[in-house]
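Q: Please take a close look at one part of this protein and then follow its contacts outward to other places in the chain. I would like the cut-off behind each term to be given once, where the term is used.

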Amino acid sequence: MKEFLFTCLFLHIHNTLCLKVIVSGYNSKVVTYDVHGTSLSPADEWELGVAGEAMSWLQMDGDHIWAGHEVSEYEGEPFSVVSKWKVSGNGDSLQRLGYASTGSTGTAHVLVDKDENKVYAANYGGGSLSIINIINIEKNGIFSQLPPNVLKYEGEVCRDVSHPHQTVIQGKKVWVVDLGCDTIWHYYLQDDGELESTGRTSVQPGAGPRHMVIHPKKDLMFLLCELQSAVIVYR
């Protein structure tokens, strides 16, 4: 089954604010659509070649895009990567600014926390979470040259092998949604930048948790489970 990512992008083109939907998937293209009320119309198509391979997740950051690549190697080097791109010109092209190895494979989701200068990569294929540092955040941020910190879930008693599919943060609290282990892993970001494990929430067996959303005002969390086609609500 092919999976595509849809996200909204606000672009300033000739001093006009345009709402676009940007789409990526398991290929080397990124496509944008203009939003007209409740309808979409094709706009730009960016062919990125091998540098844009399998962008499984995008996070918008002004006119920059952070992307995770769900691959086992990138440009001849082992492991998947997180890359950063800039929308250039009149929005008609993407320029890659840099990338960093995750130290694992099959990155399914990327979350950039600019408050803590961190990038979290949930590696579905590698059964792990990668934490990559960002530097010069006041200048839009670049990747640290230090190797990522990789937390592996090998040896855990799971229904399947570990398949982390998303990272969610709230302040210094960090959660990792693990589809293969039917588990949400809990962490707390310490002052030294290390993640401290604070427990786990076991989801009903066979649920296959994939994505979670925290209510913006209430102490509620909604968990989407892929294998049982269910939404579970937690307090």
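A: The answer below starts with one loop, follows the salt bridges, and then turns to other sites.

This is a predicted model, in which local features need pLDDT of at least 70 and side-chain atom pairs count only at pLDDT 80 or more, whereas totals for chains, interfaces and linings use all residues. Residues are numbered from 1 along each chain as its sequence is written, and side-chain values use heavy atoms, with hydrogens and water left out.

The part chosen is the loop between strand E11 (107–113) and strand E12 (118–123), which is where Asn 117 is placed; helices (H or I, at least four residues) and strands (E, at least two) are DSSP runs, numbered from the N terminus. Asn 117 has a phi near 60°, a positive value in a residue other than glycine. With a relative accessible area of 28%, Asn 117 is partly exposed, where buried stands for under 20% relative accessible area, exposed for over 50%, and partly exposed for what lies in between, with a 1.4 Å probe and protein chains only.

Two salt bridges start from this loop. The term covers a side-chain nitrogen of Lys or Arg within 4 Å of a carboxyl oxygen of Asp or Glu, and the structure holds 8 salt bridges. In one of them, the side chain of Lys 114 meets that of Asp 61, at 3.2 Å from N to O. Because Lys 114 is in the loop between E11 and E12 while Asp 61 belongs to strand E5 (residues 55–61), this pair ties together parts that are 53 residues apart in sequence. Lys 114 is partly exposed, at a relative accessible area of 32%, whereas Asp 61, at 18% relative accessibility, counts as buried.

In the other bridge, Glu 116 pairs with the side chain of Lys 172, at 3.3 Å from N to O. Lys 172 sits in the loop between strand E16 (164–170) and E17 and Glu 116 in the loop between E11 and E12, so the contact joins parts that are 56 residues apart in sequence. Lys 172 is partly exposed, with a relative accessible area of 24%, and Glu 116 counts as partly exposed at 26% relative accessibility. As a general point, side chains of opposite charge can pair when their charged atoms come close.

Beyond strand E5, another salt bridge is formed by Lys 86 and Asp 63, whose closest N and O atoms are 2.7 Å apart. This pair links distant parts of the chain, since Lys 86 is in strand E9 (residues 81–88) and Asp 63 in the loop between E5 and strand E6 (64–69), 23 residues apart. Lys 86 counts as partly exposed at 26% relative accessibility, and Asp 63 is partly exposed with a relative accessible area of 32%.

On the other side of E17 (173–178), the loop that leads to strand E18 (183–189) holds Asp 182. Its phi is near 50°, a positive value in a residue other than glycine, and Asp 182 counts as buried at 5% relative accessibility.

E17 and E18 also have a part in the largest pocket, which has about 320 Å³ of space. E17, E18 and strand E20 (209–214) are the elements that give two or more residues to its lining. The lining has 17 residues, of which Trp 175, Ile 214, Leu 220, Met 221 and Arg 235 lie nearest the centre of the pocket. On a 1 Å grid over the protein atoms alone, a pocket is an open set of points where a 1.4 Å probe fits, with protein on both sides within 12 Å along at least five of seven lines, and lining residues have an atom within 4 Å of a point. Grid points are joined across faces, edges and corners, and the volume is the space filled by probe spheres set on the points. The lining divides into 8 nonpolar, 4 polar and 5 charged residues, where Ala, Val, Leu, Ile, Met, Phe, Trp, Tyr, Cys and Pro count as nonpolar, Asp, Glu, Lys and Arg as charged, and the others, Gly among them, as polar.

Elsewhere, Leu 48 is placed in the loop between strand E4 (39–47) and E5, and counts as buried at 14% relative accessibility. Leu 48 and Ser 93 are 45 residues apart in sequence and 9.2 Å apart in space, C-alpha to C-alpha.
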